[in-house]
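Got your viewer open? Load the model, pick a colouring you like, and follow along.

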Amino acid sequence: MTDTQRLVLRLEAGGRFELIEWPRPGDNTLTTLLAAIGCCAVDAVDISEDLTMWLDDEGIITGQPVNWGATALYAAHRPPHQKYHGTVVITGGTDRHGDTLPLTTDQITEIIEFHCTAGESFIPRQRDHRGV
């Protein structure tokens with residue numbers, strides 16, 4: 001990760017995860033969230049002051065599977081009150097203007113380590129220079 005990269009974590013219900021590019025403020029963050037989650041409406045859940053989880057607002061209603069990784073991540077920070085369903089995107093907190101921040105390198109490392117040790121996860125294999 002370079003200093004100019006703005007990354008967030010996409011976490012699927014089956015345990016697969018990936019880092020995705022996060023746009024600069026004003027550059028269609030909602031469009032990025034909707035595409036990454038695969039939904040029409042998102043909801044934000046504050047995990048902590050510096051972490052926000054974005055999820056499909058209708059994930060339970062449409063029968064999305066429980067995302068045990070997202071549920072465990074929330075439970076590690078706050079007393080759980082429900083299970084979270086479907087794909088989620090984890091971002092940083094907000095800046096003084098209310099814009100959603102990307103994750104820091106430390107946050108990415110901590111979340112991935114937690115995810116890999118707390119439950120079922122899928123770690124993608126390394127790809128070569130051809131993307132294979």
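Select Gly38 to begin: sitting just after helix 1, Gly38 takes a positive phi of about 80°. Helices here are DSSP runs of H or I with at least four residues, strands are runs of E with at least two, and both are numbered from the N terminus. Before going on, keep in mind that this is a predicted model, where local features need pLDDT of at least 70, side-chain atom pairs count only at pLDDT 80 or more, and totals for chains, interfaces and linings use all residues. Residues are numbered from 1 along each chain as its sequence is written, and side-chain values use heavy atoms, with hydrogens and water left out.

Now step back into helix 1 and pick Leu33, Ala36 and Ile37, which are buried (under 20% relative accessible area; exposed is over 50%, partly exposed in between, with a 1.4 Å probe and protein chains only). Look down the axis: the buried residues of helix 1 fall within an arc of 90°, so they line one face of the helix. That arc is taken from the directions from the helix axis to the C-beta atoms. Flip to the other side of helix 1 and you'll find Thr31 and Ala35 exposed. What do the buried residues of helix 1 pack against? Strand 1, strand 2, strand 3, strand 4 and strand 5, where contact means heavy atoms within 4.5 Å.

Next, follow the chain into the loop between helix 1 (29–37) and strand 3, and select Ala41. Ala41 counts as partly exposed because its relative accessibility is 30%. Leaving aside residues up to four places away in sequence, Ala41 touches Leu34, Leu55, Asp56 and Asp57. Try a distance to Asp56: 15 residues separate it from Ala41 along the chain, yet the C-alpha atoms are 6.1 Å apart.

Time for the sheet. Show the strands as ribbons: 5 of them form an open sheet in the order 2-1-5-4-3, with antiparallel pairing. Two strands count as paired if DSSP finds at least two bridges between them. The edges are strand 2 (17–21) and strand 3 (42–48), each pairing on one side only. From one strand to the next, the twist averages 30°; axes are lines fitted to C-alpha atoms, for helices over the stretch in contact, and angles run from 0 to 180 degrees between N-to-C directions.

Zoom in on strand 4 (residues 51–56) and strand 5 (residues 88–92), which run antiparallel and are joined by 5 bridges. Pick Thr52 and you'll see that its bridge partner in strand 5 is Thr91. Helix 2 (residues 68–75) packs on the sheet, touching strand 1 (7–11), strand 3, strand 4 and strand 5, and its direction makes about 40° with that of strand 3.

While in helix 2, click on Ala72. At 25% relative accessibility, Ala72 is partly exposed. Tyr84 is 12 residues from Ala72 in sequence and 9.3 Å from it in space, C-alpha to C-alpha.

Last stop: Arg10, Glu12 and Glu18, linked in a network of salt bridges. Each such bridge is a side-chain nitrogen of Lys or Arg within 4 Å of a carboxyl oxygen of Asp or Glu, and the structure holds 2. Arg10 is buried at 16% relative accessible area. The closest N and O atoms are 2.6 Å apart for Glu12 and Arg10, and 3.3 Å apart for Glu18 and Arg10. Both partners count as partly exposed, Glu12 at 24% relative accessibility and Glu18 at 37%.
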